[in-house]
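Thank you for making time this morning. I would like to walk you through one structure, going from a single residue outward to the whole chain, so please have a look at it first.

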Amino acid sequence: MNDRRKKILNELGLTPRWKIRADSTLETSVLNDNATGLNELTGDSVDATSENPVYQMSWKQLKLAVSQCTACSLHETRKNTVFGVGDEQADWLFVGEGPGAREDEMGEPFVGQAGKLLDQMLAAIHLKRGDRVYIANIVKCRPPNNRNPAITEISACRPYLSRQIELISPKLIIALGKVAAENLLGRSDSLGSLRGKIHDLSGTPLIVTYHPAYLLRALPEKAKAWKDLCFAKATMQSLK
Ligand code: URA
Ligand code: SF4
């Protein structure tokens, strides 16, 4: 292991080192979680077959639409919309919950403390922001006082994320934390029970792990997050 990698793993609290086991793909039976295509939480169709004009938009149109969006009350308190960032043809799509204070100021996802940890998590599996990686959130505007986004806000914002997913067409989606997992998969099982499996989001494999902000508060869970990342990496390799 080179020094830089050792340092990253140390910072992540992930030493001793986890190895990607050759048999980790054994756990990868595809679970068709969303066979009905319906999101249990919002009742919305997960497939982008709606007549909503968002589903016809180009990247440019989509970015403009989000920057001017007033579809939910989060627009009243935001400083900036946080569209998402990265490689528009990424293999990896990481989805968080919603912007925090720093992201609201900068207009970019995961630039605060949790973002630093996310960057380290990416580095640990040899990825970096913008390079075959796209990072987005369930909602594009900051919920005041970092509360969870409300169901109405999530459903108002959902077409934007769905269109991003269509345009990127990632090989693998990583849901960061409970809010992202629940809303992408349309089920409210515990995060623990959603980890370690390959779910299906309208044909795209999806893996669930902890949110980096949660990991900052729950250090012992970092080892589990590392395991999830190794699982994700092995899954990506098996998709090639
Ligand atoms: N937490 C999130 O879920 N998303 C961000 O962009 C920043 C923190
Ligand atoms: Fe529009 Fe989404 Fe912002 Fe609500 S959170 S105002 S739906 S961009």
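Let me begin with Thr204, which has its place in strand β7 (residues 204-209), where helices (H or I, at least four residues) and strands (E, at least two) are DSSP runs, numbered from the N terminus. Before going further, I should say that this is a predicted model, in which local features need pLDDT of at least 70 and side-chain atom pairs count only at pLDDT 80 or more, while totals for chains, interfaces and linings use all residues. Residues are numbered from 1 along each chain as its sequence is written, chains are lettered from A and ligands numbered from 1 in the order in which they are written, and side-chain values use heavy atoms, with hydrogens and water left out.

Is Thr204 buried or exposed? Thr204 has a relative accessible area of 14%, and is therefore buried, a word that means under 20% relative accessible area, with exposed being over 50% and partly exposed in between (1.4 Å probe, protein chains only). Not counting residues up to four places away in sequence, Thr204 touches Pro170, Lys171, Leu172, Ile173 and His199, a contact being heavy atoms within 4.5 Å.

Strand β7 also brings us to helix α6, since β7 is included in what covers the buried residues of α6, together with β3 (92-96), α5 (151-168), β5 (172-176), α7 (191-194) and β6 (198-201). Of the 9 residues of α6 (residues 177-185), 8 are buried, so this helix is largely enclosed by the rest of the structure. Among those buried residues are Gly177, Glu182 and Leu185, and the helix is followed by Gly186, whose phi is positive, near 70°.

Ile173, which we met as a contact of Thr204, has its C-alpha atom 9.9 Å from that of Ile135, although the two are 38 residues apart along the chain. Ile135 is found in strand β4 (residues 133-137) and is buried, with a relative accessible area of 0%. Leaving aside neighbours within four places in sequence, the contacts of Ile135 include Gly84, Phe94, Phe110 and Leu122.

Finally, the chain as a whole. The protein chain has 9 helices and 7 strands, and buried residues make up 51% of its 240 residues. Among contacts in the protein chain with a separation of 6 or more, 75% are accounted for by residues 24 or more positions apart.
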